[in-house]
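Here are my notes on this model, written as a handful of points to read with the viewer open. I begin with one residue pairing and work outwards from there.

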Amino acid sequence: MSYNKAPSITAETINPKVKIFNYEPCGEIVRHAERLQQEMDENPDSLPFPEVIQCNLGNPQVLGQRPITFFREVLCLCDNPDLLNKDEARALFSPCAIRRARRIINSVPGKDSGGYTSSRGIKSLRQAVANGISARDGYLSKPDDIFLTDGASAAVNTMMQILIRSHEDGILCPLPEYPLYSASIILHGGTMVPYNLTEDRGWGLQIFEVKRCLEEARSAGLTVRAMVVINPGNPTGQVLSITNQEEIVEFCRKEGLVILADEVYQDNVYVENKKFHSFKKVARSLGYDEKDLSLVSFHSVSMGFYGESGRRGGYMEITGFGDDVKRQIYKLASVTICPNIAGQILISLVMDPPKLGDESFETFEAEKEKIHSSFLKRAKTLEKAFSSLEGVSCNKIEGALYFFPRLHLPSLAIKTAESEGVSPDVFYTHRLLDATGIAVVPGSAFHQASGTIHIRCTILPDEDKIATMIPRLKAFHESFMNEFRGSEPYMNDLRR
């Protein structure tokens, strides 16, 4: 009896959309860092650096950030509800954590954190999120507009599935972009319509550039459905001005576009002259309600001062959509049954933290302020360090957890990279990792402007790691520039 000995599936026969997109923040640079770490574990002192510092990904607690005590107390009690009735609990947990956990567990199906919930999330937790949004914005948020999700990424994928019907549907996305968006658009069969942020204007958005890109896409036969805005920015670390936000709202209202507002870094603003304003707040302040504008905002427990990235908690607030569309979104959400309960609980705590008068309030505020102050210090330290490097320019880090310095490399380095079949940013980042153990992401992973060279670095390593990292970075960069400078005269005016 004969049978087919060929593999049932090969790299050539998988879904071609999977092969097209790249997600470099978790790509080759990470795999290479893992190989180096394994080599160090197996052969200590075998490499010219003491540790691998992962500056490639926003993974706060892996890089030394401590979790918020109140959050962990509530999670522990929800996962172990029998503790709520034990005297020992009062000695181990704050009274407000006990009260909150009891309230949450009483609203969970079966009063246990291990079961399925509603596909859009537990009603009381959605109400807590809606209350938090209302308090933040000064405008009403309704729990029926809230979908709790496994992080913001799951919410983004859901909306792309809803919006994209074919390759003729386009989504406006900023460049540089967070590659979740291009990947999701490709996987769901749409077309990304890029619009450029302006580096020499602090990565600001110019509305005429967005209009130009929309008009070109429509001329090419695309139906542009939505506009992605990331504020504060990833990978660029900028905070949009209120004027920019108002321009975007007016533009999308006039053009009939859905605003997809990535607001996961809303608690990370480091400059005094700017504040975070949600797009919903901006739209309502301009007098536009749900009849005028369709808007989806995303938030997550992964970033901010909470840093619970592995818990996969988040939400999307959907406004300006009819009930018939919401029913379809609910149906799509039900395919994965429900978001995980730990993530649901955490996002409710993020949006409804301890208040003045609660026993945990002072500890919570102190922990939050300590983390925020440290972020601010680290942002300034890294901005100064990169700006001091020869041929490197770095915009002010206004917010989020990343920055996107530009490298002006000698032509010999660029030619050497090309001869090795890689882009100059990939060449530089691999050399940096091999020499120092510092892992950053090549700028090409974020669709940087043609002819430019960038890297993305996070501010998340703790202050001790940064103190050891900077001398290694400076020594490497000086050696790299000297190696490839040759007799080429260097342009001093590229330094800032």
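1. Start with L172, which sits opposite M227 of β5. Keep in mind that this is a predicted model. The strands involved are β3 (residues 169-175) and β5 (residues 223-230), and they run in the parallel sense, paired over four bridges.

2. Zooming out, which order do the strands take in the seven-stranded open sheet? Reading across, you get β2-β8-β7-β6-β5-β3-β4, and the pairing is mixed. At the edges are β2 (146-149) and β4 (191-196), each of them paired on one side only. From one strand to the next, the twist averages 20°.

3. That sheet has a helix packed on it: α10 (residues 242-255) touches β3, β5 and β6 (258-262). The direction of α10 makes about 165° with that of β5. With anything over 145 counted as roughly antiparallel, α10 and β5 are roughly antiparallel by their directions.

4. Next, a helix pair. The axes of α6 (residues 123-137) and α13 (residues 341-351) come within 8 Å, crossing at roughly 25°. That angle makes α6 roughly parallel to α13, the cut-off being under 35 degrees. The crossing of α6 past α13 is left-handed.

5. Who meets whom there? On the α6 side you'll find L125, A128, V129, G132, I133 and R136, and these meet Q344, I345, I347, S348 and M351 of α13. Sorted by class, the α6 contact with α13 comprises seven nonpolar, three polar and one charged residues.

6. There is also an open sheet of three strands, ordered β10-β14-β13 with antiparallel pairing. Why is one side of β10 and of β13 left without a neighbour in the sheet? Both strands stand at the edges and each has a single partner strand, so there is nothing in the sheet on the other side. The β13 and β14 pairing is antiparallel and covers two bridges; P442 has I455 in β14 as its bridge partner.

7. Last, the aromatics. The count comes to 14 aromatic pairs, taking ring centres within 6.5 Å as the rule. One of them is F404 with F446: the ring centres are 5.8 Å apart and the planes lie at 85°, so this pair is edge-to-face. F404 is in the loop between β10 (402-403) and β11 (406-407), while F446 is in the loop between β13 (441-442) and β14 (455-458), so the pair ties together parts 42 residues apart in sequence.

Conventions. Residues are numbered from 1 along each chain as its sequence is written. This is a predicted model: local features need pLDDT of at least 70, side-chain atom pairs count only at pLDDT 80 or more; totals for chains, interfaces and linings use all residues. Side-chain values use heavy atoms; hydrogens and water are left out. Axes are lines fitted to C-alpha atoms, for helices over the stretch in contact, and angles run from 0 to 180 degrees between N-to-C directions. Angles under 35 degrees count as roughly parallel, over 145 as roughly antiparallel, 65 to 115 as roughly perpendicular and the rest as oblique. A crossing is left-handed if the near helix is turned anticlockwise from the far one by less than a right angle, and right-handed if clockwise. Contact means heavy atoms within 4.5 Å. Ala, Val, Leu, Ile, Met, Phe, Trp, Tyr, Cys and Pro count as nonpolar, Asp, Glu, Lys and Arg as charged, and the others, Gly among them, as polar. Two strands pair if DSSP finds at least two bridges between them. Rings of Phe, Tyr and Trp (its six-membered ring) pair if their centres lie within 6.5 Å; planes under 30 degrees apart count as stacked, over 60 as edge-to-face and the rest as tilted.
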